[in-house]
Amino acid sequence: MVERREALAKMFSAKGSKINTNRGTEYYDSLMQTMTKRLNELEQTEVATKNSIANVLEAEGLDRRDFMKWASATCAALMLPSNFTPLIAKAAELMNRVPVIWLELQDCAGNSEAILRSDAPTIDELILEVISLEFNETIMAAAGHQAEEHLEEAMHTFKGKYLCVVEGSIPTGMNGFYGTIGAKGETFEEHLLHVAKDAAAMVAVGTCATFGGVPAAAPNPTNAVGVQDIVKGKPIINIPACPANPSNITGTILHFVLTGQIPELDHLNRPKFAFGYRIHDNCERRAHFDAGEFVEEWGDEGAKNNFCLYKMGCKGPMTFNNCSIVRYNEGVNWPIGSGHGCIGCSEPQFWDKYAQERPMADTHFKAPTGGVEKTVDEFGLGLLTAAGIGIGIHAAASAIAGKKEECKEGAE
Amino acid sequence: MIKLIEKIEGEATLDFNFKDEKIEFVDIKFNSTRGVENILKGKNALDALVINPRVCGICGHAHLIATVKALESCYKDIKISKKAEIIRELTLNFELIHNHFKWFYLTLFPLFGFKQEVLKASYASQLMGKAIATFGGQYPHTSYAVVGGVVCDVTSMDIVKIHSYIDETIKFFEKNVIDVDVEKFILCDNVDMALNSEGDLPKILKEIYEKEWLELGKSYDRFIVFGGNSYFKSGKSHKTRVSKKLPFEYVKEEKNKSSYAKNVSFKDKYYEVGPLSRAMLKKIPLIKDSHRRYGDSILSRILARVCEMAQLLNHSKALLKELDISEASYIEPQVDISKISASGVGAVEAARGSLIHKVELEEGKIKNYEIITPTQWNLAGGSRENQGISQKAMVGLKDEKIAELVFKTFDVCSVCTTH
């Protein structure tokens, strides 16, 4: 138990999970030059699909103003200063130069569902689905041999340029025969390696593709693993959570369009712009935690007053993700908003360690920044300080640079 | 002879065997599995509430409700407030409507040679997704239902929001799909009347008439519904003969040698599940008329699914009016789950038909868990002598394209079939 506890403490306090949101003028100037150069180069290349953002927006009755509003919000989400907004807009227009091939392996289609069908038609969704999605098994009309030909053709045409998005884990037990695909009966592992070979980078979407997810829950009957355990020698970006937040997927792809590189990652290969936040630090119920006001039982007075869910097993203090800021279903709600508490779905092994109603107070896990031990009643107000960032949603929209540094110092 | 390998939502293959240029037998195989039932064994009972919605990203909400019902049925005496019951039912309705829209515009449209209408499909389904998220926190994969009730404490503000999501969906449905008022459409008892407008549904129906596909896709004319609630009626029927008794012990799962999906039958007979079955048991006037004329053909099946959107939208509005937010969301069970050793069953109606969860608990730990999904009923791969529902519906067809159409009117989905 001690070992496990130490390992967890190490994981959460790793340097990799800290983010720096102000890197100075010099850094941003050179970044802007790199991005401008990259976009100019992209502009010269051939388009992958015929759709253009202008046509799509027009068909949807959205105007340029809506689009620019989206661009400025995305700019903030990617932790870039506001003068990068025009570049973001241009990158979105050029997204049809960077095709995306979306594979579904041992999955429940929940991530496709989240991004492609539940959260539409926002500009995020339009950009990904209409502009750059070259191949996706769930939504495309083609099937069987026809789909396979289409995949081969896309891989050939965009050799070395496409992003390979993977949803679902890879079963390695029984020589991979827990999952086969297509006419040739390839195993998922073979199929993944085949498509990965000519990809520019891999994007593992959802907790199954990143860490094995629910299929890898004890006793892991099919010996399921994530993409990073199979694909070697390719840049891999992990976007965990169950389901992964659509805006993080679009953000990552956009970053790739902008720079030709993968975004800055933490020690679990997650983009820092999305996973540099700890749920607890930005939680709308955080003030109740600090005030020692907790839900003690489902449906009690605390629950009616939106008190802190820590005692009901909320894993917000040990989970890194931006859902307390971005929320789900176009910002309508998120799990803590519905009164359930976080289950830590973007962390490795959440399915075995953090599942239903196992309050951290009853476990021997140590929370990331120290302070949370034994029972919540034993520590005083505000012992849990911000993990290094204290970003509010209002701050994200304004110029981020500068302000963040003060915030950080203040918190520590 | 293997003629074609077909992929459906998720992954499965169909081998068409032809004789005298007609389909003689279709072999249905599911090629992957995750072993979720094995994962659940030995875990704490309440962990199922987190793991099970993740069995399926398409109908995960139905899995959550089936799980919570199965666990609650292990108690001798458990109280659930009316408020919690209504919220659970509403979110389930929203998920059904959400799925039907996607099936209509993404799956059915291209089969009739029309362009896939991604934006139409997603506009309506995102509204329903938002409505679910308002109660459940997010969609897909919510875990807001717990043993004893629900965790959300809705406010009048939330109710107003959900009202507007429903109204907006109804408006969209009226304008695009049926081109008449929903209330008029629900009362309609004549297929000819449903044809006389400009909407997307009449567009599809006209195609069926023009191409003379009226007799297409008939199966055994046997229907079954397990998940009765304030709207759906449980029972089984053969043609129009209805019986109400459905003891679970007659539901039998059987391993299939060539597939990871198990076949499921009731008293050794295959039954169709889904909107057509629900409409037959509920005796929906329009579907009754269609069934009287064309039996369990694709026309009845398509009409039933679209008609269900209208019924559920209307019913959800009425349910929402009954919701009393001053009631308790959660009533604490008298016995802690760690003291319970019993077995239970939870059945709900998911978009594609009846979903059944069976659980056996030993001192609050899961000893055994069994998930029986709707597609296991409709896509059961029977033998040549005793064919499954969808297999039977495809026999005798000459064209694979038409067979695909027949197959997809069941709104097949392999995602949770391969749990």
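Me: Which residue in strand 12 of chain B is the bridge partner of I356(B)?
Reply: This is a predicted model, where local features need pLDDT of at least 70, side-chain atom pairs count only at pLDDT 80 or more, and totals for chains, interfaces and linings use all residues. Residues are numbered from 1 along each chain as its sequence is written, while chains are lettered from A and ligands numbered from 1 in the order in which they are written. Helices (H or I, at least four residues) and strands (E, at least two) are DSSP runs, numbered from the N terminus. In strand 12 of chain B, I356(B) has as its bridge partner I372(B).

Me: How many bridges join strand 11 of chain B to strand 12 of chain B?
Reply: Strands count as paired if DSSP finds at least two bridges between them. Strand 11 covers residues 353-362 of chain B and strand 12 covers residues 365-372, and the two run antiparallel. The number of bridges joining them is seven.

Me: Which residue in the turn of this hairpin has a positive phi?
Reply: Strands 11 and 12 of chain B form a hairpin with two residues between them. One residue in the turn has a positive phi of about 45°, and that residue is E363(B).

Me: Which strands are the edge strands of the open sheet in chain B?
Reply: Three strands of chain B form this open sheet in the order 10-11-12, with antiparallel pairing. An edge strand here pairs on one side only, which holds for strand 10 (342-350) and strand 12 of chain B.

Me: By what angle are neighbouring strands of this sheet turned against each other on average?
Reply: Axes are lines fitted to C-alpha atoms, for helices over the stretch in contact, and angles run from 0 to 180 degrees between N-to-C directions. For the neighbouring strands of this sheet, direction is ignored, and the average is 15°.

Me: Which residue in strand 11 of chain B does S343(B) stand opposite?
Reply: Strand 10 and strand 11 of chain B pair in the antiparallel sense over nine bridges. Across from S343(B), in strand 11 of chain B, stands E360(B).

Me: How many of the eight residues of helix 10 of chain B are buried?
Reply: A residue is buried if 20 or more other C-beta atoms lie within 10 Å of its own, exposed if 12 or fewer, and partly exposed in between, with C-beta atoms placed from the backbone. Helix 10 of chain B spans residues 275-282 and is mostly covered. Its buried residues include P275(B), S277(B) and M280(B). The count of buried residues in this helix is seven.

Me: Are helix 10 and helix 12 of chain B roughly parallel or roughly perpendicular to each other?
Reply: Helix 12 of chain B (residues 298-322) packs against helix 10 at an angle of about 80°, with the axes 8 Å apart. Angles under 35 degrees count as roughly parallel, over 145 as roughly antiparallel, 65 to 115 as roughly perpendicular and the rest as oblique. Helix 10 and helix 12 of chain B are therefore roughly perpendicular.

Me: Which residues of helix 10 of chain B meet helix 12 of chain B?
Reply: Two residues are in contact if their C-beta atoms, placed from the backbone, lie within 7 Å. On the helix 12 side, the residues include S300(B), A304(B) and E308(B). On the helix 10 side they are P275(B), L276(B), R278(B) and A279(B).

Me: Is C59(B) buried or exposed?
Reply: C59(B) is found in the loop between helix 2 (48-51) and helix 3 (60-72) of chain B. Not counting residues up to four places away in sequence, C59(B) touches E95(B), N99(B), A350(B), A351(B), R352(B) and C416(B). With 30 other C-beta atoms within 10 Å, C59(B) is buried.

Me: How many C-beta neighbours inside 10 Å does E212(B) have?
Reply: E212(B) lies in the loop between helix 9 (200-210) and strand 5 (222-225) of chain B. Its phi is positive, near 55°, in a residue other than glycine. E212(B) counts as exposed because its number of C-beta neighbours inside 10 Å is 8.

Me: Which residue does a cis peptide bond join to C242(A)?
Reply: Omega of this bond is about 0°. The partner is found in the loop between strand 9 (236-239) and helix 11 of chain A, and that residue is P243(A).
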